[in-house]
Amino acid sequence: MATDDERKRALKAFKKRLKLTRLDDESGLSRGGGKRSGITGITPPPGYPAEVWEELVALGKLKRDMGGTYALNEGA
């Protein structure tokens, strides 16, 4: 069982990784500008055990996506 602080740090790391992944997708210099990213889920950042991600799912902060990825739960 993860501590509250560990869950907060993991969620912050997840949000940062998702934001950077989306920005990288949108930048596509060879494709031209103005493209919105279609990325909704990512593989969780390393450094946290799988139990932390499952606890965040149970708390409603994240939701499981396809292929072992997770996405932000927009309702939470």
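**T69 and the sheet beside it**

Me: Why is T69 called buried?
Reply: T69 has a relative accessible area of 15%, and buried means under 20%, with exposed over 50% and partly exposed in between, for a 1.4 Å probe and protein chains only, so T69 is called buried. This is a predicted model, in which local features need pLDDT of at least 70, side-chain atom pairs count only at pLDDT 80 or more, and totals for chains, interfaces and linings use all residues. Residues are numbered from 1 along each chain as its sequence is written, and side-chain values use heavy atoms, with hydrogens and water left out.

Me: What makes the side chain of T69 a partner of the backbone oxygen of M66?
Reply: The two come to 2.7 Å, and a polar contact is a pair of N or O atoms within 3.5 Å, where within protein one must be able to donate a hydrogen and the other to accept it, and residues adjacent in sequence count only if both atoms are side-chain atoms.

Me: Which residues does T69 touch, not counting those up to four places away in sequence?
Reply: T69 touches G41, I42, T43, K63 and R64, where contact means heavy atoms within 4.5 Å.

Me: How do you know that β1 and β3 pair?
Reply: Two bridges join these antiparallel strands, and pairing asks that DSSP find at least two bridges between them, so β1 and β3 meet the definition. Strands (E, at least two residues) are DSSP runs, as are helices (H or I, at least four), numbered from the N terminus. In β3, Y70 stands opposite I42.
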